[in-house]
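Work through two short exercises on helix packing and sheet order. Keep the coordinates open as you go.

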Amino acid sequence: MKSAMKGAFLPGNSTTVLQEVPVPSPGHGEVLLRMKASTICGSDIRCIYHEHLGKGPEGYQGVVAGHEPSGQIVQAGPGCRRFGVGDRVIVYHISGCGLCNDCRRGYMISCTSAQYRRAYGWQRDGGMAEYLLAEEKDLIHLPAELTYADGAQVACGFGTVYEGLEKIGISGNHAVLITGLGPVGLATGALCRKLGAQKIIGIDVVKERMQLALDLKLCDEVLESGPDNVAEVRRLTGGMGVERAVDCSANDQARATAIRATRRWGRIVFLGEGGRVEFNPSPDIIHDQKTIYGSWVTSTWLMEELVERLVRWNLHPADLVTHRFSLDNVDQAYTLMASGKCGKVAVCFDEEL
Ligand SMILES: [Zn+2]
Ligand SMILES: [Zn+2]
């Protein structure tokens, strides 16, 4: 094992810095992963890349970037109980204290321990390096049927979407509206299909993303964002509106559209982070008996179930990866992701490149 490796850091001025750092060695209950795939998330761009805007759980502490890691265990520290050298794994991207109520529910994302909650790529070193030190309790087994790039996509994007869709419930009964067709919106289309939705309508402003949603058959109809969206969605659903809406845009207009284009008794989930929304509670939700859900990432147990479903459905999240870069070209990866003119962008190693 070599003693130094390259790792990518985000100084917060829309650049990426590649630096030499020591290769960590795993302590009790920890493993060292050879990184294989590390995808870039919208929140990396929103909270870190341009400016260090995030606070609390989204506060970037100058660590190796990347919170969507998947790799292979090359060293296991003492005390590991389930995983060992050679295992292929996904990293649940928030390492919680393991003992608070949220951690005990499997939702380390909302761990309440200020001292012990540390997210990979935010407060502890993440996946944009040759190796990653992870806690064994944060690992999800990656089945042989899925690639590491599939796994990296589960780590944040697909897991987050699956949680939101489980909250609102999706079936063949439902027409679904997706506002925002970035990687999270595209993942929503892919999972809604497998859950049985027969009519999926997407809204976005970026031409490349609208076209990708159609090319990959993740949406049946794609609308350009505009003031007539509610009427257009109603027209596409027999004048009624959709039964389910998923906001992946965080845009105030798009969120209002998601609420208003949903029919009576319908359900809406907000996944897109940041921003705000304005609506009129009585006509927009109360009188129409609608429910708005918020959903933040997912749990370790639901992530395990999702991985099993992906194999059963023969659904490969890596199909949404439009661009792959080596770690040496990590700066180009972030620049492209920041432009929005892409699907998912991945930094890959070895056989995944
Ligand atoms: Zn993410
Ligand atoms: Zn906790």
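Two exercises with solutions follow, both on a predicted model.

**Exercise 1.** Classify the packing of helix H3 against helix H9, then find which residues make the contact.

Step 1. Locate the helices. H3 covers residues 148–168 and H9 covers residues 300–313.

Step 2. Take the geometry. The axes lie 9 Å apart, at an angle of about 105°.

Step 3. Classify. Angles from 65 to 115 degrees count as roughly perpendicular. H3 and H9 are therefore roughly perpendicular to each other.

Step 4. List the contact. H3 contributes Asp-150, Val-154, Phe-158, Gly-159, Tyr-162, Glu-163 and Glu-166. H9 contributes Leu-302, Met-303, Leu-306, Val-307 and Leu-310.

Step 5. Sort by class. The H3–H9 contact holds eight nonpolar residues, one polar and three charged.

**Exercise 2.** Give the strand order of the six-stranded open sheet, name the edge strands, and place H3 on the sheet.

Step 1. Write the order. It reads S12-S11-S10-S13-S14-S15, and the pairing is parallel.

Step 2. Find the edges. Strand S12 (221–224) and strand S15 (291–294) each pair on one side only.

Step 3. Add the twist. From one strand to the next, it averages 20°.

Step 4. Inspect one pair. Strand S14 (residues 262–270) runs parallel to S15, with four bridges between them. Arg-267 has Thr-291 in S15 as its bridge partner.

Step 5. Place the helix. H3 packs on the sheet and touches strand S13 (242–247), S14 and S15. The direction of H3 makes about 155° with that of S14.

Definitions and conventions: Residues numbered from 1 in each chain as written. Chains lettered and ligands numbered in written order. Predicted model: local features only at pLDDT ≥ 70, side-chain atom pairs only at ≥ 80, totals over all residues. Axes fitted to C-alpha atoms, helices over the stretch in contact; angles between N-to-C directions. Helix = DSSP H or I, 4+ residues; strand = E, 2+ residues; numbered from the N terminus. Parallel < 35°, antiparallel > 145°, perpendicular 65-115°, else oblique. Contact = placed C-beta atoms within 7 Å. Nonpolar A, V, L, I, M, F, W, Y, C, P; charged D, E, K, R; others polar. Pairing = 2+ DSSP bridges.
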